[in-house]
Amino acid sequence: MKQYKIEAFENLVEAFGSFPSIGKKSAIRLAYHSVMEDGFAAMKLAHAIETAVNSIHKCSKCHNMSEDELCTICSDPYRDAAKLCIVQSAKDILTIEESGQFDGVYYVISEVRDLDEAHLFYAVEGVEEIIFAFPPSIATDTMILYIEDKLQGLPVKFTKIAQGVPTGVELENIDMMSLSRALEARVKI
């Protein structure tokens, strides 16, 4: 018996399935919706993706997403350039910005092996405090130590975001590293 297949549909399912956290069933639903239910929205999505891919690149100073040489954060004269928050991805910048709790500038370092030391020194020029906003892990702790070592001797204060028990989560659901750090970093009340 011949297997029923529509190559263009299968290619679309495969394309959707290549995105993070999109499984086969979700990819099929998205593909079907795009082709059979709302072709206009699908074309709008395709255009938005094409425009974004062609116009967004890394900021030359911090490696954030940008449409210009400098991102809107690096080019904002009202940002506190004395505070530099180092993150693992530009997505982290979006999350921190959404919180509204940080008015400094950023620098993206995804992996130690990708670190351009000369560029890092350029990014930390004039900075008084470097805040590491990495998810807790042995790899990120190693990266923090490596960066601190490279910047040793500069008049910079190193800090990292607090880690520990998230609000509303039972202790039995907390991983041991987070619980240990919460106990180590306990505060007086």
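Here are some notes on this predicted model, going from the whole chain down to its pockets and a few single residues.

1. **Overall build.** The protein chain holds seven helices and six strands. Read from the N terminus, its elements follow the order α-α-α-β-β-β-α-β-α-β-α-β-α. The opening run is therefore three helices, since the order begins α-α-α, and helices and strands are numbered from the N terminus.

2. **Extent.** A compact globule of 189 residues would be expected to have a radius of gyration near 16 Å, whereas the protein chain comes out at 22 Å. Along the principal axes, the C-alpha atoms occupy a box of roughly 70 × 45 × 30 Å. If you are setting up a view of the model, those axes are a handy frame to have in mind.

3. **Domains.** The domain assignment splits the protein chain into domain 1 (7–55) and domain 2 (79–183). Between the C-alpha centres of domain 1 and domain 2 there is a distance of 34 Å.

4. **Burial and contacts.** Of the 189 residues in the protein chain, 26% are buried. Among contacts with a separation of 6 or more, 49% join residues 24 or more positions apart.

5. **The largest pocket.** You will probably want to look here early on. The largest pocket has a volume of about 290 Å³, and 15 residues line it. Nearest its centre lie Cys 85, Ile 96, Ala 133, Phe 134 and Ile 161. Helix H4 (residues 90–99) gives the largest share of this lining, with three residues. By character, the lining of the largest pocket divides into 10 nonpolar residues, four polar and one charged.

6. **The second largest pocket.** This one encloses about 240 Å³ of space. It is lined by 17 residues, and those closest to its centre are Lys 58, His 63, Val 108, Ile 109 and Ser 110. Strand E1 (57–58) and strand E4 (104–108) each contribute at least two residues to the lining. The lining of the second largest pocket is made up of seven nonpolar, six polar and four charged residues.

7. **His 63.** One of the residues closest to the centre of the second largest pocket, His 63 also deserves a look for its backbone. Its phi is near 75 degrees, a positive value in a residue other than glycine. Most residues other than glycine have a negative phi. His 63 sits in the loop between E1 and strand E2 (65–66). Is His 63 buried or partly exposed? With a relative accessibility of 24%, His 63 counts as partly exposed, because buried would require a value under 20%.

8. **Ser 21.** Here is another positive phi in a residue other than glycine, this time near 60 degrees. Ser 21 belongs to the loop between helix H1 (7–17) and helix H2 (24–37). Its relative accessible area is 81%, so Ser 21 is exposed, the cut-off being over 50%.

9. **Phe 121.** Now for a side chain in a helix: Phe 121 is part of helix H5 (residues 117–123). Which residues does Phe 121 contact, leaving aside its neighbours within four places in sequence? They are Lys 150, Leu 151 and Leu 154. Phe 121 and Leu 154 are 33 residues apart along the chain, and their C-alpha atoms are separated by 9.8 Å. Even with these contacts, Phe 121 is partly exposed, because its relative accessible area is 36%.

Notes: Residues are numbered from 1 along each chain as its sequence is written. This is a predicted model: local features need pLDDT of at least 70, side-chain atom pairs count only at pLDDT 80 or more; totals for chains, interfaces and linings use all residues. Side-chain values use heavy atoms; hydrogens and water are left out. On a 1 Å grid over the protein atoms alone, a cavity is a set of points where a 1.4 Å probe fits but cannot get out, and a pocket is an open set with protein on both sides within 12 Å along at least five of seven lines; lining residues have an atom within 4 Å of a point. Grid points are joined across faces, edges and corners, and a volume is the space filled by probe spheres set on the points. Helices (H or I, at least four residues) and strands (E, at least two) are DSSP runs, numbered from the N terminus. Ala, Val, Leu, Ile, Met, Phe, Trp, Tyr, Cys and Pro count as nonpolar, Asp, Glu, Lys and Arg as charged, and the others, Gly among them, as polar. Domain bounds come from an automatic or database domain assignment. The radius of gyration is taken over C-alpha atoms; the globule rule is 2.2 Å times the number of residues to the power 0.38. Buried means under 20% relative accessible area, exposed over 50%, partly exposed in between (1.4 Å probe, protein chains only). Contact means heavy atoms within 4.5 Å.
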